[in-house]
Amino acid sequence: MTKDIDPRNPAGIRVGDIYEDCSFHPVLCTEIDDDGWVVLSGVSLIDGTYPRSCDAQHCEPIRIPVE
């Protein structure tokens, strides 16, 4: 089975995932604004700054798997 990839969110990041934002912070995703473009928001796991926001397509955040 293949997954359909949303071109607006190519990394497939969802609420609850951890991703590296464009400032190289690991961020816990707390909100996804899907109003046209996909904007990810969350809390930095380095210094607790909030909101950390990235455009899912243009900033190219990297999903960090937690296993």
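## Arg-8 and its two partners

Let us start with Arg-8, which has 25% relative accessibility and so counts as partly exposed. Arg-8 is a good place to enter this structure, which is a predicted model. The side chain of Arg-8 meets that of Asp-34 in a salt bridge, with N and O 2.7 Å apart. Asp-34 belongs to strand S2 (residues 26–35) while Arg-8 sits in the segment before S1, so this pair ties together parts that are 26 residues apart in sequence. Asp-34 is partly exposed because its relative accessibility is 48%.

Arg-8 has another partner as well: its side chain and that of Asp-6 form a salt bridge with an N to O distance of 3.2 Å. Asp-6, at 30% relative accessibility, also counts as partly exposed. Taken together, Asp-6, Arg-8 and Asp-34 make up a network of salt bridges.

## A buried salt bridge

How many salt bridges does a search of the whole structure find? The total is 4. One of them pairs Asp-21 with Arg-52, whose closest N and O atoms are 3.0 Å apart. Asp-21 is in the loop between S1 and S2, and Arg-52 is in strand S4 (residues 52–55), so the bridge ties together parts that are 31 residues apart in sequence. Are these two residues buried or exposed? Both Asp-21 and Arg-52 are buried.

## Around Asp-17

Next comes Asp-17, found in the segment before strand S1 (18–20). Its relative accessibility is 16%; because the cut-off for buried is under 20%, Asp-17 counts as buried.

Which polar partners does the side chain of Asp-17 have? A polar atom of this side chain lies 2.9 Å from the backbone nitrogen of Arg-14. The side chain of Arg-63 is joined to that of Asp-17 by a polar contact of 3.3 Å. Arg-63 also appears among the residues in contact with Asp-17 once neighbours within four places in sequence are left aside, together with Gly-12, Val-27, Leu-28 and Cys-29.

## The nonpolar core

Now for the nonpolar side chains. In soluble globular proteins, nonpolar side chains tend to be buried together. Here the largest nonpolar core has 7 residues, namely Ile-13, Tyr-19, Val-27, Cys-29, Val-38, Leu-40 and Ala-56. Two elements, S2 and strand S3 (37–44), each give two or more residues to this core.

Leu-40 shows how a core residue meets its surroundings. With neighbours within four places in sequence set aside, the contacts of Leu-40 include the core members Ile-13, Tyr-19, Cys-29 and Ala-56. Others on its contact list are Glu-31, Ile-32, Arg-52, Ser-53, Cys-54 and Pro-61. Arg-52 is thus a contact of Leu-40 as well as the salt-bridge partner of Asp-21.

## The cysteines

How many disulfides are there? The count comes to 0. Cys-22 is in no disulfide, and its nearest cysteine sulfur is that of Cys-54, 3.4 Å away. A disulfide needs the two sulfur atoms within 2.5 Å, so this pair is not counted as one. Cys-22 is partly exposed because its relative accessibility is 41%.

Cys-29 is in no disulfide either: its nearest cysteine sulfur, again that of Cys-54, is 10 Å away. With a relative accessible area of 2%, Cys-29 is buried. Cys-29 has already appeared in this tour, as a member of the largest nonpolar core and as a contact of both Asp-17 and Leu-40.

Note on methods: Residues are numbered from 1 along each chain as its sequence is written. This is a predicted model: local features need pLDDT of at least 70, side-chain atom pairs count only at pLDDT 80 or more; totals for chains, interfaces and linings use all residues. Side-chain values use heavy atoms; hydrogens and water are left out. Helices (H or I, at least four residues) and strands (E, at least two) are DSSP runs, numbered from the N terminus. Buried means under 20% relative accessible area, exposed over 50%, partly exposed in between (1.4 Å probe, protein chains only). A polar contact is a pair of N or O atoms within 3.5 Å; within protein, one must be able to donate a hydrogen and the other to accept it, and residues adjacent in sequence count only if both atoms are side-chain atoms. Contact means heavy atoms within 4.5 Å. A nonpolar core is a set of buried Ala, Val, Leu, Ile, Met, Phe, Trp, Tyr and Cys residues joined through side-chain atoms within 4.5 Å.
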